[in-house]
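User: I am new to this structure and would like a careful, close look at one part of it, with some account of what lies around that part. Please explain it in connected prose.

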Amino acid sequence: MGAELIVIAGKLIVLATLLLTAVPVMVWVERRGAAFIQDRLGPNRVGPWGIIQPIADSVKLLFKEDLTPAGVNRWLYFLAPMISVFIAMLTFIVVPFGDGCGVTILGQPLGSLMVASELEVGVLYLLAISSLGVYGIVLAGWSSNNKYSLLGGLRASAQLISYELSMALAVLGVILATGSLRLDEVVAAQSGKLWNAVPQFLGFVVFVVAAFAETNRLPFDLAEAETELVAGYHVEYSSMKFAAFMMSEYMNMVTVSALLVTLFLGGSTLPGVHLEGWLGLVVSLAVFLGKVAFFMWLFVWVRWSLPRFRYDQLMRLGWKGLLPLATVNLVLVAVGVARGWTWI
Amino acid sequence: MLADILAVLPETALALMGMVVLILGLAKVRNHLAVAVLTLGSLLLAGVLLSHVGRAVDPGEHFMFGMFVLDRFAIYFKALLLACSFLTVLLSIDYLMRHDARPGEYLALVMLATVGMMTMASGVHLAAIYVGLELMALSTYVLAGYFRRQVKSHEAAAKYFVLGALSSGILLYGLSLLYGATGTLELQAIAGRLAQGPPSAAALAGIGLLACGFLFKVAAVPFHMWTPDVYEGAPTPITTFMSVGPKAAAFAIFLRVFDGGLAPVAESWRPLVWGAAALTMVWGNIAALTQDNVKRMLAYSSIAHAGYALVGLVAGGDAGVQSVLLYMLVYTVTNVGAFGLVILLESRGYAGQTVQDFAGLARKQPVAAFGMLLFLLSLGGIPPTAGFMGKLYVFAAAIRSGYVWLVVIAVLMSAVSLYYYLRIVLQMYLRDGEGVEPAPMVSAVWTERALWACAVAVLLIGLWPGPFAAAAAAGLGIMPLP
Amino acid sequence: MTEYIPVFLFTVVALLFPVVTVGIAWLIRAGKHDPVKLEPYECGIEATTFAHDNRFSIRYYLIAVLFVVFDVETVFLYPWAVAYRKLALFGLVEMFIFLAILIVGYIYAWKRKALQWA
């Protein structure tokens with residue numbers, strides 16, 4: 001029991017570190033990336049290439065005055081950013097971020113590098129927790145007593161629930177092909193054959209598009225569309241509470257990218273590579289992080305390349321485009337599995 | 001497997017046709033009559049399937065993992081419910097055309113509500129019963145508010161929905177307590193558990209909540225508050241439907257659950273239902289006395305009739321159950337007729353809503369007036385109409401079981417009820433209705449067909465009750481107890 | 001229940017993290033309160049209405065209702081997907097029936113313009 005707990009705690013620390021360092025790194029990548037795409041310099045004063053800039057930002061936010069505007073619902077106003085961060089962190093727990101490769105610590109096998117590695121209901125847990133994320137946004141928008149935030153919160157909630165459907169249906173195709181709700185088994189099932197992204201290309205596309213919508217990123221950032229809603233649901237937030245929303249947004253990006261990699265791109269595996277021991281562990285971790293990094297970059301790339309959707313277009317895409325596509329994907333996979341096609 | 005599919009064939013067919021009607025209602029080319037006729041055809045088809053399937057399957061067998069039976073009791077109620085829906089659709093056709101309303105959703109919802117009611121009639125598993133109940137209830141909520149531009153209709157739907165949801169919640173609490181106390185949802189197994197010893201407190205609480213939920217669904221006092229408002233506000237064909245179909249279905253599960261699964265603890269719930277029956281008859285009839293709006297008056301009258309039917313439930317035993325079955329049939333044809341005439345008068349330009357609107361009807365529309373007279377007499381329980389036979393069987397069963405006081409109350413209240421029924425008769429035959437011009441005739445052929453059918457049935461059951469009583473008697477043997 | 005231990009552990013961490021960071025900020029924050037500063041952020045002119053007094057489109061509600069319908073559908077499909085290989089042909093047929101019913105509802109919602117924004 002003791003060794004088991006130590007292993008769990010170890011995984012937990014690694015995971016929390018990854019997640020929390022990812023946020024400032026992503027902020028920096030985003031700002032430098034934006035500058036690169038727009039052919040300007042970006043932050044370059046604090047540290048080499050401005051790499052300390054996010055740290056400086058967070059110190060600044062820490063010292064900022066924490067406003068609670070008149071007429072807000074204090075309790076919910078306080079609760080909303082907490083919920084956002086809390087939920088954003090919780091979702092990551094079932095993602096296998098590496099392969100244990102038979103390594104044992106204190107006689108305890110690592111298994112796959114996943115905190116809740118024994119949880120049988122991984123994907124269900126994920127869907128349940130991630131669908132709670134909308135509460136943070138809705139409560140923030142509602143409690144702020146501001147028209148912009150109310151509109152932003154409403155839009156965000158409608159958008160999130162619309163795309164959640166397509167996302168869940170796309171995941172369903174993967175579950176169907178795997179026959180298990182555990183994400184490490186999803187990874188294992190992909191190791192001997194094509195990654196799910198190939199046979200379930202439709203589902204993959206749906207998931208990628210829904211991932212952008214679920215994280216409120218351009219081209220789907222209607223909830224905080226600067227040009228019309230100023231900043232949307234968090235317009236009245238300042239100081240660390242504002243930072244909490246920012247953190248949760250970037251954490252959600254990490255989670256969604258990690259899920260994309262896990263569900264559709266073979267997780268921490270590379271085709272043809274089978275290493276054992278500590279080397280294998282480090283390589284698998286690196287492979288996973290590399291794949292995630294690619295999608296994180298994709299988020300930045302898309303953000304500074306595509307214009308924003310109109311709200312009716314957003315809803316049309318979600319309900320009339322992705323939902324039928326995801327259903328078609330599901331039916332195709334179901335038929336394929338029934339026919340006994342092993343490559344699915 | 002095959003037998004399972006066969007057993008639910010009527011419901012399946014009806015649900016499928018409901019979807020077809022729903023989609024057809026969206027078509028650009030609007031042929032409302034064709035959609036309505038298709039609905040009537042589907043209901044007939046379900047009836048034909050029911051009669052064939054009913055002969056083909058074993059009435060004692062449980063289908064769909066012990067959820068569903070197709071015994072004589074279920075078949076009797078299903079036939080009755082299909083008839084209710086058929087008459088409702090007949091009444092609705094002219095009404096919908098007159099209001100230029102989309103028929104697709106309306107008719108589809110009636111069909112889906114019918115599927116729900118039929119499932120209730122067949123359910124021997126609390127989950128199946130509850131699912132059927134909700135399908136029926138949800139469809140009816142929407143139907144009550146179908147003309148959403150009318151404030152009254154809107155109000156009716158909102159009230160019905162809020163109170164209906166509350167009662168469903170109460171019912172569900174009762175079901176879960178009962179489940180907790182007995183560890184099973186199957187009625188037969190519940191009866192087995194309850195027969196083993198005195199019921200636990202949880203079981204008693206569950207039974208109490210269950211009774212409250214069912215009493216709400218049959219609109220018995222003290223859970224009747226929603227009825228007058230909803231019946232007044234809802235579109236009149238839907239009022240008709242609500243006053244017969246869901247009520248009959250609710251009595252079906254009331255009988256199945258209380259006289260079936262909960263029969264071993266009958267002594268614990270019988271006083272409760274006894275009190276509800278007495279209160280319902282007294283309050284329903286007394287409150288009806290003061291109503292000037294005919295729809296509200298008929299609403300209170302239908303509350304009172306639920307009370308009479310509850311008397312049969314209290315009486316219990318073969319005779320009691322048989323009397324409830326017969327009473328539901330009688331009440332259905334009579335009430336559809338009475339409400340149908342209100343619709344017909346509305347369609348003929350009379351307001352048809354207040355009692356005064358009926359003044360001088362006998363002079364202007366003698367046939368309609370005579371029809372109304374017939375239905376009112378039947379509601380009041382005067383021979384030679386069906387209402388008399390219905391009450392006769394109920395009261396006889398109650399006296400045989402020794403509930404003399406209940407029958408005394410029932411008879412007294414029947415006498416009271418004559419007062420308000422005869423108020424309309426008085427207006428029709430003895431007031432000349434000066435100042436009210438006869439409105440131009442509006443074509444309402446479908447409504448009239450439904451009314452003729454009801455009138456014939458009322459007289460037929462009143463004069464020759466033998467076959468109908470026999471059909472009701474065949475529905476006995478609710479649950480062969482272990 | 002042991003498989004939920006990491007979940008509980010991480011829940012505690014995830015709960016503490018925002019509380020601690022906001023708590024630190026609360027301890028060391030600058031504070032110069034001013035009633036004008038606390039006004040809702042709008043356009044510089046004093047706001048005449050509260051945000052909650054305003055109406056918003058009923059379509060948000062419609063979307064929410066549709067979401068409930070389709071989300072429950074999806075949730076029903078999950079156990080089916082896990083058990084699919086054991087159910088064999090029966091599972092396939094069952095799912096097609098289930099999906100067909102939902103697709104009828106979907107077509108209905110589409111045709112009645114419930115999926116259309118404005």
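Analyst: **Chain B and its surroundings**

In chain B, 81% of the contacts with a separation of 6 or more are made by residues that lie 24 or more positions apart. This is a predicted model, and what follows describes that prediction. Chain B holds 20 helices and 2 strands, and of its 482 residues 59% count as buried, where a buried residue has 20 or more other C-beta atoms within 10 Å of its own. The overall dimensions can be set beside these figures: along its principal axes, the C-alpha trace of chain B spans about 70 × 55 × 40 Å. For 482 residues, a compact globule would have a radius of gyration near 23 Å, and because the value for chain B is 21 Å, the chain agrees with that expectation.

The next matter is what chain B touches. Chains A and B do not touch, their nearest C-alpha atoms being 18 Å apart. With chain C there is contact, in which 4 residues of chain B meet 4 residues of chain C; on the chain B side these comprise 4 nonpolar residues, with no polar and no charged ones.

Of the 2 pairs of chains that touch, it is chains A and C that have the most contacts between them. There, 56 residues of chain C are in contact with 56 residues of chain A. On the chain C side, α1 (5-28), α2 (59-82) and α3 (84-111) each supply at least two residues, and α1(C) gives the most, with 18 residues. By class, that side of chain C divides into 41 nonpolar, 7 polar and 8 charged residues.

One of these helices, α2(C), can be followed further. It has 24 residues and reaches 35 Å from its first C-alpha to its last, which is close to the 34 Å expected at 1.5 Å a residue. An α-helix has 3.6 residues a turn, so residues three or four places apart point the same way. With that in mind, the buried residues of α2(C) can be read in order along the helix: Ile63(C), Leu66(C), Phe70(C), Thr74(C), Leu77(C) and Ala81(C). These buried residues pack against α5 (147-178) of chain A together with α3 of chain C.

To return to the part asked about, chain B has 59% of its residues buried, touches chain C through 4 of its residues, and does not touch chain A.

How values were computed. Residues numbered from 1 in each chain as written. Chains lettered and ligands numbered in written order. Predicted model: local features only at pLDDT ≥ 70, side-chain atom pairs only at ≥ 80, totals over all residues. Contact = placed C-beta atoms within 7 Å. Nonpolar A, V, L, I, M, F, W, Y, C, P; charged D, E, K, R; others polar. Helix = DSSP H or I, 4+ residues; strand = E, 2+ residues; numbered from the N terminus. Rg over C-alpha atoms; globule rule 2.2 N^0.38 Å. Buried ≥ 20, exposed ≤ 12 C-beta atoms within 10 Å, placed from the backbone. Expected span 1.5 Å × (residues − 1).
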